[in-house]
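Trainee: Can we go through this one together? I'd like the fold before the details.

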Amino acid sequence: QVQLVESEGGLVQAGGSLRLSCAASTRTFNMYDMGWFRVAPGKERELVAAITASGGATNYADSVKGRFAATRDNAKNTVYLQMNSLKPEDTAVYYCAAWEVTIRGYYYWGQGTQVTVSL
């Protein structure tokens, strides 16, 4: 069982930056690929960033490419999402999730944190 606890989001002006963190309870954190998702009002859940277990590879949605960066510190059992040049359309609830290989899907989820970008 993996528990994921996200940091608080917040309210930021357009063009600003925010960093989210997600702390995992498992000792085997370094074995989990991680993802960051978001759910905006009236929209479906979107995978915005993914990072491999080692942190050696990342992938991003086109909507955030060049602005967001996922990193991790396996010694601290934590994954981060650095968000720069934020836009109002980035407003959403953000979730971190851990990939479970036995089901080939994201199985463990954080509680979600609200990010609001104002004009």
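The chat below moves from the source of the model to the whole chain and then to one hairpin.

Trainee: What kind of model is this?
Mentor: This is a predicted model, where local features need pLDDT of at least 70, side-chain atom pairs count only at pLDDT 80 or more, and totals for chains, interfaces and linings use all residues. Residues are numbered from 1 along each chain as its sequence is written, and side-chain values use heavy atoms, with hydrogens and water left out.

Trainee: How many helices and strands?
Mentor: The protein chain has zero helices and 11 strands; these are DSSP runs numbered from the N terminus, with helices (H or I) of at least four residues and strands (E) of at least two.

Trainee: And what does the C-alpha trace span?
Mentor: About 40 × 25 × 25 Å along the principal axes.

Trainee: How much is buried?
Mentor: 44% of the 119 residues, where buried means under 20% relative accessible area, exposed over 50% and partly exposed in between (1.4 Å probe, protein chains only).

Trainee: Now E7. Which side chains point where?
Mentor: In E7, residues 68–73, Phe68, Ala70 and Arg72 are buried on one face, while Ala69, Thr71 and Asp73 point to the other and are not buried. In a regular strand the side chains alternate between the two faces of the sheet.

Trainee: In which sense does E7 pair with E8?
Mentor: Antiparallel, over six bridges, with E8 at residues 78–83; pairing requires at least two DSSP bridges between the strands.

Trainee: What stands opposite arginine 72?
Mentor: Valine 79 in E8.

Trainee: Which residue in that hairpin takes a positive phi?
Mentor: Asparagine 77, near 55°; the hairpin has four residues between E7 and E8.
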